[in-house]
Amino acid sequence: MQPRSENLIRLKPGHSAVISQLIHIDPMLRRRLADLGIHEGASITVKRYCLWGGPVLLECRGQLLSIRRREAARIEVSGS
Amino acid sequence: MNNTALIGNPNTGKTSLFNALTSSYQYVGNWSGVTVEKKVGQLRNKAGSITDLPGVYSLNPVSRDEGVVATFLVGQEPSAIINIVDASQLERNLYLTLQMLEYGKPLLIGLNMMDVAESRGVHIQIEVLSRMLGVPVIPLVARTGKGCHELLEVMSHNSSQTAAPDWILDYGETVEQAILDISRELAKFIPNASLSTRWAALQLLENNQAVRHALKLDDDCSRRLDTLLEGTERSLAATDPSMTLTHYLRSVRMARIQEILKSAVITQPKARPTLTDRIDQMAMHPFWGVPLFLTFMYVTFKLTFDWLGNPLSDMLDTFISGPLSTFISGALEALNVSGFTAALILDGIVAGVGGVLVFMPQIFIMFLIISFIEDTGYMARITVMLDRLMEMVGLNGKSLIPFIIGFGCNVPAIMASRGIEQEKERTLTMLLVPLMSCSARLPVYALFAGVFFARSQALVVFSLYILGILLTLLLAKLFSRTIFKNQKSFYFIELPPYRLPQGRTLFRSTWEKGKGFLRKAGTFILAGSVLIWMMSYLGPGGVAESMDDSFLAYVGGLIAPLLQPVGFGTWQAGAALMTGFMAKEVVVSTMNIIYHVPDINGLQVQISSAFTPLQAYSFMSFILLYTPCLATVGVLRKETSSWKWTAFSVAYAVLLAYLVSIVIYQGGKLIF
């Protein structure tokens, strides 16, 4: 059974999922995330969404980080 | 002489460790070609020197600043490495460690932040870790200095055995063959076998451009290398089409790291939210978050000025113009110094430089508070909350830090822009920092507002700050749409756990920022004060009889007609503005000299008869906006590495100042 793939920003705050696709995001950002061990297969949690379309707060592998919604929308996750 | 290199991820407490291990340190200029400064210190146990390398996640650089690390490792060949590792982020940190093990020089691991790891339920078995990596692992709490003594001991013990790690990670047949082939090629360029060819080969396979560049291969070898790389890439793709070479290497290393972690780390996940989480509930609260930040800023400014800074500054002023001046003039008399020199020293240097040094309290207090905000981790949260606003005008949340620092002094603010990775936003931020009303402009505001707007001083000064901020947002939008069109960017920030900054690191941080200001005072303002004083003393006809005959008046008079439309077409204003280019505080010093008054009261009387309130406001706006001071221009040139941008920043500032002042003055004349 194929795990359904969906957009990271569909997750509600506090919910986690496994990253399935990072291909679509800015290559330099992808590299930065990889440096932190954030790549396909890693479990990621949405902590909160900032107001007025601001950045998203994420947690992955015990690290807290923030990226813009626009980029987060390009991350695919599955199995939430 | 032994040279050790200190390497590790960013945010691992490397700076604290460096401070704890060294008895003294100095910046030996910049690494060539980049803005990062090279920091070398003397180890406490007199075992030689230690170089602090910039924090990186991997030797394969993302930016030029990061490339410094790989370049150093190829070119300098340190005799030993200390790798600082964050115990609470072991998986990520070990990625760099593995690359350093492959480097083949004696390696020591300092396992820092053990306390943070424990609080997260992460228990690391040091001996197992040490055995699996093949190198000594010493637990540390760098903040308190705990463990550093042992680290130094093990270091000196090690050096007598030159214990290089015996580490081989098998990358599979295809890659191992490639390593052999590449090593053969490289052997011609690394004659004395001091640099591990295996390490170099692996870095090249990972497409590390910095290493490639540093090896200085000739064209022939370069071409053969490219062929080898392509071949390897193809072989890998044959088995798995989606696998790139870089990806493959990373996955091999990650697999090994997982093995190590499984054996060496015991995790008891704690379900309770951490302290950081709880603080963030408040700090980043959707409703209260920004007001809380504004309150912090308000308190910062209050402390910097009203509550603490101004009183200290006044005391300093009293001292400089009182006992110090008396002492110096007494000494000059005793030494029988000529009238010219005495006047030069007292009226030029002491008055000029002293007038700037009285601001030291405000500057250092503000920088202390800002450093505190940075070191606790709160600054990162602030950039997140305000990123949306910044994004709307084409900036980045990270631009906020230089802007805030800019309210203290533009010089360290521009240096702080280094933290912005994306070039477009970094350049844009640096161009806009001068619009942040630095503390140097305050004496001008204080003088004029005190004379003309006595009852609403604070409001008037505040309006100028706001003017600067609004223009910044406007110009950011304008520049992004025009000059910086078509440049991609993204926002990314890591939010460290909240922590209480350690005193020593905090003071060093503050000093780094305040140093810029002092250096400015010691050089530009000193030179400027002497120059201005001389220009006011001498004139086309020798020693000037009165101020009106001096060079200063002459040059000021040349500019005066240009300043008619903006409301202050007098040689005095022209001269003052010109000298303000040196450093904006000097405007007041110049006016002191020009109107030849001994103190602030006399000056106020003179000013009130020379300007109208509208002209005064126009003048203050002009001071706010026109050209960054000389020191700022200097640092802009250094940080942008471009005369084009430096010239642009001066040009647009002057133009902007002129336009805004015209609008204020002419518009004001129509209304009032």
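Which residues of chains A and B are linked in a network of salt bridges? In this predicted model, the network is made up of A:Arg31, A:Arg32 and A:Asp35 on one chain, together with B:Glu66 and B:Arg250 on the other. Let me use that as the way into the interface, and then turn to salt bridges within chain B.

Taken as a whole, the contact draws on 37 residues from chain B and 30 residues from chain A, and the two chains bury about 3000 Å² between them, with 53% of that area on carbon and sulfur atoms. On the chain B side, B:Val62, B:Phe490 and B:Phe492 supply 21% of the area buried against chain A, which is more than any other three residues contribute.

As for charged and polar pairing, the rule finds seven salt bridges across this interface, and one that I would point out is B:Asp387 with A:Arg68, where the closest N and O atoms are 2.8 Å apart. The count of residue pairs in polar contact between the two chains, with both residues at pLDDT 80 or more, is 16. Several elements of chain B, namely helices H3, H11, H12 and H17 and strand E10, each supply at least two residues of the side that touches chain A, and H17(B) gives the largest share, with five residues. Sorted by class, that side of chain B holds 13 nonpolar, nine polar and 15 charged residues.

There is also backbone pairing between the chains: strand E5 of chain A, residues 63-67, runs antiparallel to E10(B), and four bridges join them. Within that pairing, A:Leu64 has B:Leu495 as its bridge partner.

Let me now move on to chain B itself, with the total over all chains standing at 26 salt bridges. The side chains of B:Lys14 and B:Asp52 meet in a salt bridge at 2.7 Å, N to O; because B:Lys14 lies in helix H1 and B:Asp52 in strand E4, this pair ties together parts that are 38 residues apart in sequence. Both B:Lys14 and B:Asp52 are buried.

Two further examples each sit within a single helix. In H7 of chain B, B:Asp181 and B:Arg184 are three residues apart, about one turn of the helix, and their closest N and O atoms are 2.7 Å apart; here B:Asp181 is buried at 18% relative accessible area, whereas B:Arg184 counts as exposed at 57%. In H10 of chain B, B:Arg224 and B:Asp220 are four residues apart, with a closest N to O distance of 3.9 Å, and both are partly exposed, B:Arg224 at 34% and B:Asp220 at 40%.

Key: Residues numbered from 1 in each chain as written. Chains lettered and ligands numbered in written order. Predicted model: local features only at pLDDT ≥ 70, side-chain atom pairs only at ≥ 80, totals over all residues. Heavy atoms only, no water. Contact = heavy atoms within 4.5 Å. Buried area = accessible area lost by both parts, 1.4 Å probe. Salt bridge = Lys/Arg side-chain N within 4 Å of Asp/Glu carboxyl O. Polar contact = N/O pair within 3.5 Å; in protein donor to acceptor, adjacent residues only side chain to side chain. Nonpolar A, V, L, I, M, F, W, Y, C, P; charged D, E, K, R; others polar. Pairing = 2+ DSSP bridges. Buried < 20%, exposed > 50% of the residue type's maximum accessible area, 1.4 Å probe, protein only.
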